[in-house]
Amino acid sequence: MVSTSEAKYKMLYRLFEKEIENLDNIRKYSKIFNNRGLVYASQGNYLSAAKDYSKAIELNSDNHVYYIGRSTANLKLERYNDAYKDALKVLELKPESPDGYLNGGLALFNLNKFDEAISMYSNGIKKHPKDGMLYYGRSAAYKEKGNASKATADDIKAKELLSN
């Protein structure tokens with residue numbers, strides 16, 4: 001005969017199993033919203049893309065890819081503060097992601113925060129010295145700051161890396 005406490009534990013175990021199953025379903029739904037966001041973005045419908053990335057994030061807030069998508073959509077929508085916040089979240093979740101540095105730098109650039117953009121790109125370059133887009137972004141920020149020699153050096157490096 002099963003004791004009352006054993007029955008309670010079995011019932012709790014079944015509840016936990018059901019919760020794990022629900023969690024797996026939630027993760028599947030977050031992927032669906034992300035994938036639909038990708039389709040919207042590929043069609044130039046960045047508003048719908050941003051909404052779907054937000055839904056994916058609501059369901060699974062620890063996936064850096066969803067923040068990259070929403071950050072990129074927000075850049076296209078000229079929501080630079082939001083794009084920057086998402087870029088920072090990307091770097092929090094996955095510090096080695098070049099996309100966090102790229103989107104963060106571009107958002108800062110468009111907010112006319114050129115020194116901060118240079119810093120963001122430079123931090124990305126330290127981790128990804130072979131990423132030509134980081135050099136290209138920093139070059140643009142240097143140009144805005146009036147530093148032609150550094151801009152030119154980064155332009156040359158960007159072209160060299162991007163041509164390979």
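**Close-up 1. Helix α7 from end to end.** With 14 residues, α7 reaches 20 Å from its first C-alpha to its last, close to the 20 Å expected at 1.5 Å a residue. Keep in mind that this is a predicted model. Right at the start of the helix, a side-chain oxygen of Asp131 comes to within 3.0 Å of the backbone nitrogen of Met133. After the other end comes Gly146, with a positive phi near 85 degrees. Look along α7 for its buried residues: Gly132, Leu134, Tyr135, Gly137, Arg138, Ser139, Ala141 and Tyr142. The cover over them includes α5, α6 and α8 (148–163).

**Close-up 2. Arg138, an arginine in α7.** Arg138 sits in helix α7. Is Arg138 buried or exposed? Its relative accessible area is 14%, so Arg138 counts as buried. Leaving aside residues up to four places away in sequence, Arg138 touches Ile118, Tyr121, Ser122, Ile125 and Asp154. With Asp154 there is also a polar contact, side chain to side chain, at 2.6 Å. Asp62 is another matter: 76 residues separate Arg138 and Asp62 along the chain, and their C-alpha atoms are 29 Å apart.

**Close-up 3. His128, in the loop that leads to α7.** Find His128 in the loop between α6 and α7. This residue is in a loop, yet His128 counts as buried because its relative accessibility is 19%, and the cut-off for buried is under 20%. Who are its contacts, if residues up to four places away in sequence are not counted? His128 touches Glu96, Ser97, Pro98 and Leu134.

**Close-up 4. Helix α5 and what packs on it.** The 13 residues of α5 should span 18 Å at 1.5 Å a residue, and the end C-alpha atoms are indeed 18 Å apart. Gly100, Tyr101, Leu102, Asn103, Gly104, Gly105, Ala107, Leu108 and Phe109 are the buried residues here. They pack against α3, α4, α6 and α7. Beyond the helix comes Asn112, which gets its own view further on.

**Close-up 5. The largest pocket.** This pocket holds about 190 Å³ of space. Two elements each give two or more residues to its lining: α5 (98–110) and α7 (132–145). The full set of lining residues is Leu102, Asn103, Leu106, Phe109, Tyr121, Met133, Tyr136, Gly137 and Ala140. What sort of residues are they, nonpolar, polar or charged? Seven are nonpolar, two are polar and none is charged. Some names will be familiar by now: Leu102, Asn103 and Phe109 are among the buried residues of α5, and Gly137 is among those of α7.

**Close-up 6. Two loop residues with a positive phi.** Most residues other than glycine have a negative phi. Glu78 is not a glycine, but its phi is positive, at about 60 degrees. Look for Glu78 in the loop between α3 (64–76) and α4 (80–93). At a relative accessible area of 58%, Glu78 is exposed. Asn112 likewise has a positive phi of about 60 degrees without being a glycine. Where does Asn112 sit? Asn112 lies in the loop between α5 and α6 (114–127). Its relative accessibility is 56%, so Asn112 counts as exposed.

Notes. Residues are numbered from 1 along each chain as its sequence is written. This is a predicted model: local features need pLDDT of at least 70, side-chain atom pairs count only at pLDDT 80 or more; totals for chains, interfaces and linings use all residues. Side-chain values use heavy atoms; hydrogens and water are left out. On a 1 Å grid over the protein atoms alone, a cavity is a set of points where a 1.4 Å probe fits but cannot get out, and a pocket is an open set with protein on both sides within 12 Å along at least five of seven lines; lining residues have an atom within 4 Å of a point. Grid points are joined across faces, edges and corners, and a volume is the space filled by probe spheres set on the points. Helices (H or I, at least four residues) and strands (E, at least two) are DSSP runs, numbered from the N terminus. Ala, Val, Leu, Ile, Met, Phe, Trp, Tyr, Cys and Pro count as nonpolar, Asp, Glu, Lys and Arg as charged, and the others, Gly among them, as polar. Buried means under 20% relative accessible area, exposed over 50%, partly exposed in between (1.4 Å probe, protein chains only). The expected span of a helix is 1.5 Å times one less than its number of residues. Contact means heavy atoms within 4.5 Å. A polar contact is a pair of N or O atoms within 3.5 Å; within protein, one must be able to donate a hydrogen and the other to accept it, and residues adjacent in sequence count only if both atoms are side-chain atoms.
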